[in-house]
Every structure is written in C-alpha cells, then in structure tokens.
Amino acid sequence: MQTTEVGQNSEIKQVIGSLCMMNNRFMNFMLDDNKKAAQVFLRVILGDDKIKVRNVRIQSFIQNIYGHSSQLDILAQDSKGRYFNVEVQRSDEGAPARRARFYSSILDTHFLQPGKLYEELPDTYVIFITENDVLHDNLPLYNIRRRIDENAKCFEDGSRIIYVNSKRRDNTALGKLMQDLYCTEPKNLHYHEFAERMEFLKYSKEGEEKMTDVIEEYAARKAEALAKEAVKEAAKKAEEKEQANRIELAQGLLADGMSIEFTVRHSKLTEAEVRELASKLSA
C-alpha cells in the first residue's frame, strides 16, 4: 500500500513538474489574483509599461440570458478602467476569429450597466495567446482594430483583439515572455514576477494542494486512458479467442476431407489461411 502511495506521489510530482503556463489550468493558477504577473503580460504584449492592474480574476463566467454564455480564462482590469480578457489556446480550433469577436461583444454587454451612456463603455482587449501561428503571417503579434475602408483610418470604438503567436520566441521582450510560457522551472524564467508563484505552486505543499483540480483532471484523463486500453485489450483477447475457434473448426473440416472452398465458407477464415492449415496437415 505504501509503495503504491509513494508511486502516486512521485507521479503527481512529475505531472506538476512538467506543467508550464501554456497549460490553461496552470496559467490560471499563475495569474489568479496575481496582479504583478498579469501586469507583466499586459505591459509586454501591449508595449505599455504604464499599465497598472487593479484586479485579476480567473474563470470568470459571464451569463448571457439571450444566447451563448462564456467562461473567460483570465479577466483583468487596469487603473484606467480598461478590461483585458486573456485566453490561452493550444488548439487552432479554439481561436477562430468569430470567437474573438464574440468575446469582445460579450464584454461590452456585461460591462455597460443599465442607464449608462454608450460613451461610458470601457475599452476592452481580447487577447488570444496561441500555440501556433493561427493567422499564418509569421508575425509575433497581430493587433486588430476596426478600420474605415475608404480612408484606412482606424474606427476608434475602444475594442481591440490581439493574437499572440507563441512560436516566435526570440530575444525581444515579447519573445522572452513566450519563452516563459513554455518554461517548467522557476529558475529559468526571464520574468521574476512569474518565478515566485511558480516556485510556490510546484515546490510547496500548499501549492500542490491549491492545484488539486489540475491533479484530479490528470487522474481523470489517466483513468479514461486506462479504461480505453482495457476495452482494447478485452476486444483483442476476444478476437484472438474467436480466431483460435475458427482455426480449430477449419482444422477439423480439413481433417474430415472437406474442400478448401467449403472450409473457407464455414470457418470464416481467408483462403490463404485455410491453404496454410491444409499444407501443415498434409506435411
């Protein structure tokens, strides 16, 4: 029993040790109520060292009584009242343009209170950090704003959508931030604002307890994988038993002098398999 527990603890530590911020859940824990870390993200991505984060929340559920609701990975607000939604997407399918549009619109409907003027609608930023270059122009960052076609001027409605290509990991400030997203060791992080939290989450008992749901999610995935493997193994054994029965039947039919064609038809073996059995019987 103790050996099993030691093995499980070792496995849990390996799982936690392998986590990086491109793991959605781990990113949430890294930024949850961590204003300094969220501030680094926003300052580097937006190129603005004056951003001061007032608050940051993870997994914010925004109810839409008329349609699709949303759960935002990370939602931060700065001292100017601007809202920033950061989404980490490892799958290309998770970051389509229309999803970004929808998230931008749902922020608008949520943060303009009844009776308020449209001019009071806060500026919003929807930021997708993607594992691959989903917009395919090999840019490190895609800043998206509405534009007037006739004169190419920006239509300043206060909404921005930003795609960050995490494949671009050069020695710029943004490139180093992208490197940190894939880093699993606190000592190797470029930005010290991340290191303290990662150290806590990975190497303290309290941090491990805080990440219970990450471990439970891993355990659930492992249990599912084991269950699938068990089903495959059972199906394989059933097929092997069925094949053994077919061979035994074919051998009996051939021993009784039945033709190759008759044996194939009744044993459900292939003609090649039956001929091989026949050759062994006559040898």
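**Close-up 1. Q89 and the residues it touches.** Setting aside neighbours up to four places off in sequence, Q89 is in contact with M22, G94, A95, R99, F128, I129, T130 and E131. This is a predicted model, so read every view here as computed. Q89 sits in strand β3, which runs over residues 83-89. With a relative accessible area of 10%, Q89 falls under the 20% cut-off and therefore counts as buried.

**Close-up 2. L174 in helix α5.** Helix α5 covers residues 173-181, and L174 is part of that helix. Is L174 buried or exposed? L174 is buried: its relative accessible area is 14%. Beyond the residues up to four places away in sequence, L174 touches V44, I45, P140, L141 and V164. Take I45 from that list: 129 residues separate I45 from L174 in sequence, yet the two C-alpha atoms are 6.4 Å apart in space.

**Close-up 3. R246 and its polar partners in helix α8.** Here we're in helix α8, residues 212-255, which holds R246. R246 is an arginine that ends up buried, at a relative accessible area of 15%. Which side chains make polar contacts with the side chain of R246? One is E239, at 2.9 Å, and another is Q243, at 2.8 Å. Leaving out residues up to four places away in sequence, R246 touches E239, S267, K268 and L269. So E239 turns up both as a polar partner and in the contact list, while S267 in that list belongs to helix α9 and is one of its buried residues.

**Close-up 4. Helix α9 and the residue after it.** Helix α9 spans residues 260-267, and its buried residues are I260, T263 and S267. Why do they share a side of α9? They cover an arc of only 65° around the axis, so they lie on the same side of the helix. The general background is that an α-helix has 3.6 residues a turn, so residues three or four places apart point the same way. Just past the helix comes K268, which has a positive phi, near 70°. K268 also shows up among the residues that R246 touches.

**Close-up 5. The largest cavity, with a nonpolar lining.** How many cavities of 30 Å³ or more does the model have? The count is one, and the largest cavity has a volume of about 30 Å³. Its lining is made up of L31, A38, F41, L42, I74, A76 and V86. Sorted by class, that gives seven nonpolar residues, no polar and no charged ones. Helix α3 (35-46) and strand β2 (70-78) each supply at least two lining residues. Of the elements, α3 gives the most to this cavity lining, with three residues.

**Close-up 6. The largest pocket, with a mixed lining.** The largest pocket holds about 300 Å³ of space. It is lined by 17 residues, and those nearest its centre are R101, S104, R146, S159 and I161. What classes make up the lining of the largest pocket? The tally is seven nonpolar, four polar and six charged residues. At least two lining residues come from α4 (97-111), and at least two from β6 (159-165). The top contributor to the pocket lining is α4, which gives six residues.

Definitions and conventions. Residues are numbered from 1 along each chain as its sequence is written. This is a predicted model: local features need pLDDT of at least 70, side-chain atom pairs count only at pLDDT 80 or more; totals for chains, interfaces and linings use all residues. Side-chain values use heavy atoms; hydrogens and water are left out. Helices (H or I, at least four residues) and strands (E, at least two) are DSSP runs, numbered from the N terminus. Buried means under 20% relative accessible area, exposed over 50%, partly exposed in between (1.4 Å probe, protein chains only). Contact means heavy atoms within 4.5 Å. A polar contact is a pair of N or O atoms within 3.5 Å; within protein, one must be able to donate a hydrogen and the other to accept it, and residues adjacent in sequence count only if both atoms are side-chain atoms. On a 1 Å grid over the protein atoms alone, a cavity is a set of points where a 1.4 Å probe fits but cannot get out, and a pocket is an open set with protein on both sides within 12 Å along at least five of seven lines; lining residues have an atom within 4 Å of a point. Grid points are joined across faces, edges and corners, and a volume is the space filled by probe spheres set on the points. Ala, Val, Leu, Ile, Met, Phe, Trp, Tyr, Cys and Pro count as nonpolar, Asp, Glu, Lys and Arg as charged, and the others, Gly among them, as polar. The arc is that of the directions from the helix axis to the C-beta atoms.
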